[in-house]
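The exercises below are meant to be worked with the sequence and the structure side by side. Try each task before reading the solution that follows.

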Amino acid sequence: MTPEELSGLKLLSAKIRRDILVMLEKAGSGHLGGSMSIVELMSVLYGRRLNYDPKNPRWEDRDRVVLSKGHAGPGWYSALAESGFFDREMLLTLNVGGTNLPSHPDRTKTPGVDMTTGSLGQGTSTAAGIATALRMKGSKSRVYLIVGDGELNEGQCWEAFQYLAHYKLNNCVVVIDWNKRQLDGTCEEVMNPFDIAEKMRAFGFAVQQVNGQDIEALDEALAAAEAVTDSATCVVMDTVKGAGVPFFETYAGNHSVKFSDPACKEAADAAIAELTAYIEGSEA
């Protein structure tokens, strides 16, 4: 990756992060923590790795994204808007009645969304099904499945993983967002996941664990996963919930933030201003 390419992806990440804050503050509340922890992933996917055409969202040869942790929809919507699938102004309609941007992704409403998700665990199975269909058709397209660490409490995830591994569906890259917190507390407190990377290896995956906020490390890990030909593949992202805004990184309620809290609104406004200054400076 050249310095220019890295700068471009950092700029895209800043735009996505700012969009998340703006849209959630406008909505009054929303899933901030898990949206922010996947910002760099979305930047690398839409800025570098995915084959897609925003003018033709149903292009047959596109790569597919399945956000199984559907509550992080705002992070996906921001990436789609910045990639040209729809106008950024639409982000301000999040959760408004009749919107095309519901709190959890809906493939019948939002351009660029390939699978409806939200009921945790189910996206893993649908991604496995999509990967199977693509292989049967002889397609070179890939599926990028994004799973939350708290979501791994769902047994359905492990059934789907076993299926992917058994059939060596290397055209489905499983990306696990290990941000270490879920709705009711830390993952270790709620239900200890133990060593996620080792568990995936035990299930038959080729596994890499990387800093999920490091753009270059993520890009290298995804490239390596795409090169695997003889097994299912997984990238475990070591991330911080609420990443990019120190206040939200340490805020106990960062899973779903209510901006009626003055401290949350103040932190969001300050971060929006800082990100805007960075974006304008980079584009000058």
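**Exercise 1. Describe the surroundings of serine 83, starting from its side chain.**

Step 1. In this predicted model, a polar atom of the side chain of serine 83 lies 2.8 Å from the backbone oxygen of alanine 79.

Step 2. To place the residue in the chain, look at the loop between helix H4 (73-82) and helix H5 (122-136), where serine 83 is found.

Step 3. The relative accessibility of serine 83 is 15%, and because buried means under 20%, the residue counts as buried.

Step 4. Once neighbours within four places in sequence are set aside, the residues in contact with serine 83 are Tyr46, Tyr52 and Pro54.

**Exercise 2. Decide how far helix H4 is enclosed, and find what packs against it.**

Step 1. List the buried residues of H4, which are Gly73, Pro74, Gly75, Trp76, Tyr77, Ser78, Ala79, Leu80 and Ala81.

Step 2. Nine of the 10 residues of H4 are thus buried, and the helix is therefore largely enclosed by the rest of the structure.

Step 3. The elements against which these buried residues pack are H1, helix H2 (33-36), helix H3 (39-49) and strand S2 (64-67).

Step 4. Just after H4 the backbone shows a further feature, since glycine 84 takes a positive phi of about 95°.

**Exercise 3. Check the length of helix H11 and work out how its buried and exposed residues are arranged.**

Step 1. Helix H11 covers residues 262-283, and its 22 residues, at 1.5 Å a residue, should span 32 Å; the C-alpha atoms at its ends are 31 Å apart, which agrees.

Step 2. The buried residues of H11 are Cys264, Ala267, Ala268, Ala271, Ile272, Leu275, Thr276 and Ile279.

Step 3. Viewed down the axis of H11, these buried residues fall within an arc of 165°, so they line one face of the helix. An α-helix has 3.6 residues a turn, so residues three or four places apart point the same way.

Step 4. On the face turned away from the buried side, H11 carries the exposed residues Pro262, Glu266, Glu274 and Glu280.

Step 5. The cover over the buried residues of H11 includes helix H1 (3-27), helix H10 (246-250) and strand S9 (257-258).

Step 6. At the N-terminal end, aspartate 261 caps H11, with a side-chain oxygen 2.9 Å from the backbone nitrogen of alanine 263.

**Exercise 4. Locate tryptophan 178 and state whether it is buried, partly exposed or exposed.**

Step 1. Tryptophan 178 belongs to strand S4, which runs over residues 172-178.

Step 2. Its relative accessible area is 22%, and because this value falls between the limits of 20% and 50%, tryptophan 178 is partly exposed.

Step 3. Not counting residues up to four places away in sequence, tryptophan 178 touches Asp149, Ile196, Gln209, Val236, Met237, Asp238 and Thr239.

Step 4. For a distance across the chain, take asparagine 56, which is 122 residues from tryptophan 178 along the chain; their C-alpha atoms are separated by 32 Å.

**Exercise 5. Judge whether the dimensions of the whole chain agree with those of a compact globule.**

Step 1. The chain contains 11 helices and nine strands, and its C-alpha atoms fill a box of roughly 50 × 45 × 40 Å along the principal axes.

Step 2. For 284 residues a compact globule would have a radius of gyration near 19 Å, and the value for the chain is 18 Å, which agrees.

Step 3. Turning to the interior, buried residues make up 54% of the 284 residues, while 74% of the contacts with a separation of 6 or more join residues 24 or more positions apart.

Step 4. The accessible surface comes to about 12100 Å², and carbon and sulfur atoms account for 51% of that surface.

Notes. Residues numbered from 1 in each chain as written. Predicted model: local features only at pLDDT ≥ 70, side-chain atom pairs only at ≥ 80, totals over all residues. Heavy atoms only, no water. Helix = DSSP H or I, 4+ residues; strand = E, 2+ residues; numbered from the N terminus. Expected span 1.5 Å × (residues − 1). Buried < 20%, exposed > 50% of the residue type's maximum accessible area, 1.4 Å probe, protein only. Arc of directions from axis to C-beta. Contact = heavy atoms within 4.5 Å. Polar contact = N/O pair within 3.5 Å; in protein donor to acceptor, adjacent residues only side chain to side chain. Rg over C-alpha atoms; globule rule 2.2 N^0.38 Å. Areas by Shrake-Rupley, 256 points an atom, 1.4 Å probe, with all protein chains shown as cover.
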